[in-house]
Amino acid sequence: MSALSIKNLKKVYQGGLEALRGIDLEVEKGDFFALLGPNGAGKSTTIGIISSLVTKSSGKVEILGIDIDDNHSLAKKKLGVVGQEVNFNQFEKVGDIIRNQAGYYGLSFREARENTMYYMKKLDIWDKRNEQARKLSGGMKRRIMVAKALVNKPELLILDEPTAGVDIELRRSLWDFLTEINNSGTSIILTTHYLEEAERLCRNIAIIDNGEIVENTSMQELLTRLEVETFVFDLQEDISNLPKIENYELRIENPKKISVTIQKGQGLNEIFSLLSNSGIKIASMRNETGRLEELFLGLVESTIKEENHGPH
Amino acid sequence: MDPIEQIRALATILRKEIHRFMRIWMQTLIPPAIMIMLYFVIFGEIIGSRIGKMGEFDYMQFMVPGLIMMSVISNSYSNVVSSFFGQKFARSVEELLITPLPNYIILVGWVLGGVARGLMVGAIVTVVSLFFSELTVANWPLAIFVVFLTSVLFSLGGFLNALFAESFDDISIIPTFVLQPLIYLGGVFYSITLLGEPFRTISLANPILYMVNSFRHAILGASDLASLGISLNVAIGMILFFIALFSSISLWLLNTGKGIRS
C-alpha cells in the first residue's frame, strides 16, 4: 500500500496561476521520500492540498489508501505536517501548544499528556514546557513544530523545509531523529533546499518544476546518471604548476587548492598516482558541489535562471 | 472522528479560548466592569436622577438589563472576532485545519468561547450593578436563556466577521459602525415608546431591540414588547432565526474554505 498516492492533481489559484499541472506521485509505505524543486515549483501547494490548507482544483489524493475527499477525517488522522512557517500561538506555553494539538486529534487527556511528554523529551524541549514559545530561539520553535506534528503518532509525516534557517547542530540532531522515526515505520516526505540533506536521508526522490514532476526515481538511480563530477583537492604545500594528465582536466584554484572534473566511468586512482609521482601531497578531497545538487541544477536549470534574472 | 474524540477536541478548543481571555483579563474582564460603573455613575446617578421614572421603574433599574446585554453582546462578538482573526493572521488556524476536526466543531468551539466570555462579563456587570441598584429577577430561566441565545448569536457574528476580515481594520469596522449604533439605538438607555415616528418604526428593524427587551422582560417582568404588540415568543423566535442563519452561513463558508484556505 502507498503512504501517499496522488493522481492528476491540479491547482489553479484565483487569478489564473497554474501551480500544479496534473501531477502523479506514489510514495511507498515506510519510505523516506524527497520532494524537491525550486521556489514556486509547486511543492508547498502539493503539501497544502494533502493537509487541507489548499483546496485542489481537480485530481485525487489518498493517504495510506484513504481518499481525502471520501473519508477526510480518517485520512487526516494518519497525517502529521511540519509547515514551513511557525504556525502556533507564540504567546502560549510550549507544553500547552503541543498538548492542545493532541486534543484537536481527539486524544484522551492522558494520552495527550503522555505523547506530549514523550516527544518533548525526545526533541529536548521538555525543560522549556512552561515557557512562552515566543521567548525561544528559532531552532527551539522548529522542534515545537516537529513535536506538534508527531503528537498524534502519524503514519505519514510531511516536513516542508524543516531545517531552513537552523544551525548545523540542530539540523544533524533532527536528521538523526527523523531517521529513527522512519526506521520505526513512519513514512516521511521531506522538502528541503539543502540537497545534501535529501541525499543523506531519502531513498526515493521526485523533482517538481513549474507544476510538473520532472523526475521521480530512487536516489541511487538518479545519482548514477551523473555525467561529470568535480572534485577539489586541498594540498599540504603550495604549488605553481600542474603535471599534464591525459583525459583529465586539472585546474589550479589557488596555490593550495586544485580541482579536477571527471567523466562518468573515469576513476581517481590515476590522478592520485600521478599527483603523488609529481611530489604533490594531498591533504583532503571533497566534491565541489553535492552530487545531487549538480543533477538538480541540470533538471531545473531554466526555472532557476528565470528566478535569478526574471522572465524574458 | 468518533463522537467522544469530537467532544475531546471541542473541550480543547473551549479550554484554550477560556485560557486565552483569562490570561489577558486586564484587557478582557476589567474594562467592561469599569465602563459599566461609569455608565451607572453618569447616566444613573447624575443624569438618571433628573430623568425620573421610565415607565413604572427607576431609570437606574430600567438601565440595568440593557447594560448587561450591551456588555454580553460586545464581549461575545469581540472575543470571537479577535481570537479567530488573530489565529488567521498568525497562521495558527492551520493547527486546526490540518487535523481531522469537522468544521462544525471548530465553529461550536469558538462560539462557546465567545459565550463563556460574554456570560462571564455579564456576571461581572450584574455584580457591579448591585452596588448601584436593587436587582430582583422576575424570571431566572428566561433571563439565562435569552442572555445565552444573544451571546451565541453575537459570537457567530464575530466568527463571520473574522472569516471575511483580511486586516485588523476589518475587525473594527463592523463593531464600530454597525454594532455600537445598533446597541445604543436598541433601547438600552430609553423606552422605544418615547420615540416619535418615523424613528419608532425604523427602530423595529433593529434586532438588538428584541433581545434587550426580552431580557428586560425576564428581569423586570415588563418591557416595551407588550406596548409594541410583539409577544416574547416572536422576539425569541427572531433570535433563533438569526442563530440558524448565521450558523448556516458560517458552516458554508468554512466548508468552502473562505478566508482560511487558499
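Let me start with helix α1 of chain A, residues 43-50: eight of its eight residues are buried, so this helix is largely enclosed by the rest of the structure. Before I go on, please keep in mind that this is a predicted model. The buried set in α1(A) runs through A:Lys43, A:Ser44, A:Thr45, A:Thr46, A:Ile47, A:Gly48, A:Ile49 and A:Ile50. Just past the end of α1(A) comes A:Ser52, with a positive phi of about 75 degrees.

Let me step back to chain A as a whole. Chain A is split into domain 1, covering 2-216, and domain 2, covering 228-292. Taken over C-alpha atoms, the centres of domain 1 and domain 2 of chain A are 41 Å apart.

Now to a strand I'd like to spend some time on, β7 of chain A, at 156-160. Is β7(A) enclosed or open? Five of the five residues of β7(A) are buried, so the strand is largely enclosed by the rest of the structure. If you follow the side chains, A:Leu156, A:Ile158 and A:Asp160 point one way from β7(A). A:Leu157 and A:Leu159 point the other way, and all of these residues are buried. So that you can place it in your viewer, look for A:Asp160 on the side with A:Leu156 and A:Ile158.

Which strands pair with β7(A)? One is β6 of chain A, residues 79-82, which pairs with β7(A) in the parallel sense over four bridges. Within that pairing, A:Leu79 has A:Leu156 as its bridge partner in β7(A). Another is β8 of chain A, residues 187-191, which runs parallel to β7(A) and is joined to it by five bridges. There, A:Leu159 stands opposite A:Leu190 of β8(A). Add helix α6 of chain A, residues 168-183, and you have a right-handed β-α-β unit made of β7(A), α6(A) and β8(A).

Let's move on to a proline. A:Pro154 is found in the loop between α5 (138-150) and β7 (156-160) of chain A. Why does A:Pro154 count as buried? It has 22 other C-beta atoms within 10 Å, and the cut-off for buried is 20 or more. Leaving aside residues up to four places away in sequence, A:Pro154 touches A:Lys78, A:Leu79, A:Gly80 and A:Thr186. You have already met A:Leu79, as the bridge partner of A:Leu156. As for A:Thr186, it is 32 residues from A:Pro154 in sequence, yet the two are 7.2 Å apart in space, C-alpha to C-alpha.

Since you may be checking backbone torsions, here are two asparagines in chain A. A:Asn8 has a phi near 45 degrees, a positive value in a residue other than glycine. A:Asn8 lies in strand β1 of chain A, residues 2-12. Is A:Asn8 buried or exposed? With 12 C-beta neighbours inside 10 Å, A:Asn8 counts as exposed. The other asparagine is A:Asn210, where phi is near 55 degrees, again positive in a residue other than glycine. A:Asn210 sits in the loop between β9 (204-209) and β10 (212-218) of chain A. With 18 other C-beta atoms within 10 Å, A:Asn210 is partly exposed.

Over to chain B. Chain B has 12 helices and two strands, and along the sequence they follow the pattern α-α-α-β-β-α-α-α-α-α-α-α-α-α. How does the radius of gyration of chain B agree with that of a compact globule? For 262 residues, such a globule would be near 18 Å, and chain B has 19 Å, which agrees. Along the principal axes, the C-alpha atoms of chain B fill a box of roughly 60 × 35 × 35 Å. Buried residues make up 47% of the 262 residues in chain B. Of the contacts in chain B with a separation of 6 or more, 84% are between residues 24 or more positions apart.

Last, the place where the two chains meet. The contact takes 24 residues from chain A and 22 residues from chain B. On the chain A side, α2 (72-77) and α3 (94-104) each supply at least two residues. The element of chain A that gives the most is α3(A), with four residues. By class, this side of chain A has eight nonpolar, 13 polar and three charged residues.

That's my tour; thanks for listening, everyone!

Notes: Residues numbered from 1 in each chain as written. Chains lettered and ligands numbered in written order. Predicted model: local features only at pLDDT ≥ 70, side-chain atom pairs only at ≥ 80, totals over all residues. Contact = placed C-beta atoms within 7 Å. Nonpolar A, V, L, I, M, F, W, Y, C, P; charged D, E, K, R; others polar. Domains from an automatic or database assignment. Rg over C-alpha atoms; globule rule 2.2 N^0.38 Å. Pairing = 2+ DSSP bridges. Right-handed = clockwise from strand over helix to strand, strands pointing away.
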